[in-house]
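Visitor: I am new to this structure and would like a close look at a single part of it, the sheet and what surrounds it. Could you take me through it slowly, strand by strand?

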Amino acid sequence: MSALLAMLLASVGAAPAMVVIDEAATVREEAPPHGQIGMSTAWRISDAVPAPRSFEFRKRALHVGAAIGVHPIDHDEIYYVLAGTGIVHSDGEEKALKAGTAAWLYKGAKVGIRQTGTEPLVLIIAYPNKAAGS
(Lines give C-alpha, C1' and ligand atoms only; values in the text may rest on other atoms or scores of the structure.)
Protein backbone atom coordinates (compact mmCIF):
# COMPACT_ATOMS: atom_id res chain seq x y z
CA MET A 1 0.00 0.00 0.00
CA SER A 2 1.34 3.40 -0.86
CA ALA A 3 2.14 5.88 1.89
CA LEU A 4 -0.46 8.31 0.49
CA LEU A 5 -3.21 5.68 0.50
CA ALA A 6 -2.27 4.68 4.06
CA MET A 7 -2.51 8.31 5.18
CA LEU A 8 -5.90 8.75 3.50
CA LEU A 9 -7.29 5.60 5.08
CA ALA A 10 -5.94 6.62 8.50
CA SER A 11 -7.63 10.02 8.26
CA VAL A 12 -11.13 8.62 7.59
CA GLY A 13 -13.20 9.41 10.68
CA ALA A 14 -10.40 11.40 12.29
CA ALA A 15 -11.11 14.72 13.94
CA PRO A 16 -10.21 17.84 11.95
CA ALA A 17 -7.02 19.72 12.79
CA MET A 18 -9.15 22.47 14.36
CA VAL A 19 -12.52 24.17 14.28
CA VAL A 20 -12.83 27.94 14.52
CA ILE A 21 -16.19 29.26 15.69
CA ASP A 22 -17.55 32.79 15.53
CA GLU A 23 -19.65 33.21 18.68
CA ALA A 24 -22.05 35.45 16.73
CA ALA A 25 -23.21 32.35 14.83
CA THR A 26 -24.17 30.58 18.10
CA VAL A 27 -26.08 33.30 20.01
CA ARG A 28 -29.69 33.06 21.15
CA GLU A 29 -31.94 34.60 23.79
CA GLU A 30 -33.41 32.08 26.22
CA ALA A 31 -34.33 31.44 29.82
CA PRO A 32 -31.34 30.07 31.77
CA PRO A 33 -31.30 26.32 32.46
CA HIS A 34 -32.35 24.65 35.70
CA GLY A 35 -35.34 26.74 36.73
CA GLN A 36 -35.72 29.26 33.91
CA ILE A 37 -35.21 32.18 36.29
CA GLY A 38 -35.22 35.39 34.24
CA MET A 39 -33.67 35.66 30.79
CA SER A 40 -30.20 35.22 29.35
CA THR A 41 -28.15 35.45 26.21
CA ALA A 42 -26.55 32.10 25.39
CA TRP A 43 -23.62 31.42 23.10
CA ARG A 44 -23.62 27.63 22.68
CA ILE A 45 -20.15 27.69 21.17
CA SER A 46 -19.25 24.01 21.43
CA ASP A 47 -22.51 23.00 19.72
CA ALA A 48 -20.82 24.11 16.48
CA VAL A 49 -17.99 21.58 16.99
CA PRO A 50 -18.50 18.22 15.26
CA ALA A 51 -18.78 15.12 17.44
CA PRO A 52 -17.08 13.57 19.13
CA ARG A 53 -15.92 16.31 21.48
CA SER A 54 -14.71 15.75 25.01
CA PHE A 55 -16.05 18.90 26.68
CA GLU A 56 -18.54 21.74 26.41
CA PHE A 57 -17.55 25.40 26.19
CA ARG A 58 -20.29 28.00 26.49
CA LYS A 59 -20.76 31.67 27.19
CA ARG A 60 -23.86 33.00 28.93
CA ALA A 61 -24.98 36.45 30.02
CA LEU A 62 -27.47 36.29 32.88
CA HIS A 63 -29.65 39.38 32.54
CA VAL A 64 -30.50 41.43 35.64
CA GLY A 65 -32.31 39.19 38.13
CA ALA A 66 -31.58 35.94 36.24
CA ALA A 67 -30.09 32.72 37.61
CA ILE A 68 -29.03 29.23 36.66
CA GLY A 69 -31.02 27.31 39.26
CA VAL A 70 -29.45 24.95 41.77
CA HIS A 71 -28.96 21.52 40.21
CA PRO A 72 -26.77 18.44 40.77
CA ILE A 73 -23.74 17.95 38.51
CA ASP A 74 -22.15 14.64 37.56
CA HIS A 75 -18.84 16.20 36.47
CA ASP A 76 -16.53 19.03 37.48
CA GLU A 77 -17.69 22.36 36.05
CA ILE A 78 -16.09 25.81 35.82
CA TYR A 79 -17.83 29.20 35.82
CA TYR A 80 -15.43 31.96 34.77
CA VAL A 81 -16.73 35.53 35.08
CA LEU A 82 -16.02 37.92 32.20
CA ALA A 83 -18.19 40.82 33.41
CA GLY A 84 -20.69 41.73 36.11
CA THR A 85 -21.19 40.28 39.57
CA GLY A 86 -22.95 37.25 40.95
CA ILE A 87 -23.29 34.69 43.70
CA VAL A 88 -22.31 31.07 43.08
CA HIS A 89 -23.92 28.29 45.14
CA SER A 90 -22.42 24.85 45.84
CA ASP A 91 -23.87 22.44 48.39
CA GLY A 92 -25.33 25.20 50.55
CA GLU A 93 -22.25 27.42 50.48
CA GLU A 94 -22.32 30.74 48.60
CA LYS A 95 -19.50 32.97 47.38
CA ALA A 96 -19.46 36.32 45.56
CA LEU A 97 -17.98 36.44 42.07
CA LYS A 98 -16.81 39.34 39.89
CA ALA A 99 -14.96 39.75 36.60
CA GLY A 100 -11.74 37.76 36.59
CA THR A 101 -12.84 35.17 39.15
CA ALA A 102 -13.60 31.51 38.56
CA ALA A 103 -15.64 28.98 40.51
CA TRP A 104 -14.49 25.37 40.19
CA LEU A 105 -17.44 23.18 41.08
CA TYR A 106 -16.98 19.51 41.89
CA LYS A 107 -18.74 16.38 40.69
CA GLY A 108 -21.63 15.43 42.94
CA ALA A 109 -22.34 18.97 44.18
CA LYS A 110 -25.63 20.84 43.86
CA VAL A 111 -24.68 24.09 42.14
CA GLY A 112 -26.17 27.28 40.72
CA ILE A 113 -25.33 30.91 40.05
CA ARG A 114 -27.32 34.13 40.14
CA GLN A 115 -26.71 37.59 38.76
CA THR A 116 -26.37 40.50 41.22
CA GLY A 117 -25.81 44.20 40.60
CA THR A 118 -26.98 46.40 37.75
CA GLU A 119 -25.11 44.81 34.81
CA PRO A 120 -25.52 41.35 33.27
CA LEU A 121 -23.33 38.57 34.66
CA VAL A 122 -21.29 37.24 31.71
CA LEU A 123 -19.77 33.78 32.16
CA ILE A 124 -17.75 31.17 30.38
CA ILE A 125 -18.97 27.73 31.41
CA ALA A 126 -16.90 24.62 30.69
CA TYR A 127 -17.46 20.99 31.62
CA PRO A 128 -16.63 17.52 30.24
CA ASN A 129 -19.03 15.49 28.18
CA LYS A 130 -20.01 12.08 29.42
CA ALA A 131 -17.73 9.36 28.11
CA ALA A 132 -19.12 7.50 25.11
CA GLY A 133 -21.18 4.54 26.19
CA SER A 134 -21.66 5.70 29.78
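Guide: What follows is a walk across the sheet, from one edge to the other, with pauses at a few residues on the way.

Please keep in mind that this is a predicted model. The part you ask about is an open sheet of 6 strands, in the order E1-E2-E3-E10-E5-E8, and the pairing is antiparallel. At the edges stand E1 and strand E8 (102-105), each with a single partner strand, so one side of each is left without a neighbour in the sheet. From one strand to the next, the twist averages 20°. As a general background, strands of a sheet pair through backbone hydrogen bonds, which may be parallel or antiparallel.

We can begin with the approach to E1. Thr26 is found in the loop between helix H1 (3-11) and E1, and this residue counts as buried because its relative accessible area is 12%, under the 20% cut-off. A polar atom of the Thr26 side chain lies 2.8 Å from the backbone oxygen of Glu23. If neighbours within four places in sequence are left aside, Thr26 is in contact with Ile21, Ala42, Trp43, Arg44, Ile45 and Ala48.

E1 then pairs with E2 in the antiparallel sense, over 4 bridges, and within this pairing Glu29 stands opposite Thr41 in E2. Between strand E1 (27-30) and strand E2 (40-43) there is a loop, and Ile37 lies in it. With a relative accessible area of 37%, Ile37 is partly exposed. Apart from its neighbours within four places in sequence, Ile37 is in contact with Pro32, Gly65, Ala66, Ala67 and Gly69. Ile37 and His63, which are 26 residues apart in sequence, are 9.8 Å apart in space when taken from C-alpha to C-alpha.

The next step takes us along E2 and over to its other partner. In a regular strand, side chains alternate between the two faces of the sheet. In E2, Ser40 and Ala42 point one way while Thr41 and Trp43 point the other way, and all of them are buried. E2 is joined to strand E3 (residues 55-62) by 4 bridges, and the two run antiparallel. Here Thr41 stands opposite Ala61 in E3, while the bridge partner of Ala42 in E3 is Arg60.

Arg60 also brings us to the charged side chains. Side chains of opposite charge can pair when their charged atoms come close. Arg60 and Glu30 meet through their side chains in a salt bridge, at 3.0 Å from N to O. Because Arg60 lies in strand E3 and Glu30 in strand E1, the pair ties together parts that are 30 residues apart in sequence. Arg60 is buried, with a relative accessible area of 7%, and Glu30 also counts as buried, at 17% relative accessibility. Glu30 forms a salt bridge with Arg28 as well, the closest N and O atoms being 2.8 Å apart, and Arg28 counts as partly exposed at 39% relative accessibility. A search of the whole structure finds 10 salt bridges. Another of them is formed by the side chains of Lys95 and Glu93, at 3.5 Å from N to O. Salt bridges that share partners also join Arg44, Asp47, Arg53, Glu56 and Arg58 into one network.

We can now go on to the strands that lead to the other edge. E5 and E10 are joined by 5 bridges and run antiparallel, with Ala83 standing opposite Val122 in E10. E5 also pairs with E8 in the antiparallel sense, over 4 bridges, and the bridge partner of Tyr79 in E8 is Ala103.

Tyr79 leads in turn to the nonpolar residues. In soluble globular proteins, nonpolar side chains tend to be buried together. The largest nonpolar core here has 16 residues, and those with the most contacts inside it are Leu62, Tyr79, Val88, Leu105, Ile113 and Leu123. Two or more residues each come from strand E5 (77-83), E8, strand E9 (110-116) and strand E10 (121-128), and E10 gives the most, with 3 residues. Val88, not counting residues up to four places away in sequence, touches Tyr79, Glu93, Glu94, Lys95, Leu97, Ala103, Leu105, Gly112 and Ile113.

Key. Residues are numbered from 1 along each chain as its sequence is written. This is a predicted model: local features need pLDDT of at least 70, side-chain atom pairs count only at pLDDT 80 or more; totals for chains, interfaces and linings use all residues. Side-chain values use heavy atoms; hydrogens and water are left out. Buried means under 20% relative accessible area, exposed over 50%, partly exposed in between (1.4 Å probe, protein chains only). Contact means heavy atoms within 4.5 Å. A polar contact is a pair of N or O atoms within 3.5 Å; within protein, one must be able to donate a hydrogen and the other to accept it, and residues adjacent in sequence count only if both atoms are side-chain atoms. Two strands pair if DSSP finds at least two bridges between them. Axes are lines fitted to C-alpha atoms, for helices over the stretch in contact, and angles run from 0 to 180 degrees between N-to-C directions. A nonpolar core is a set of buried Ala, Val, Leu, Ile, Met, Phe, Trp, Tyr and Cys residues joined through side-chain atoms within 4.5 Å. A salt bridge is a side-chain nitrogen of Lys or Arg within 4 Å of a carboxyl oxygen of Asp or Glu.
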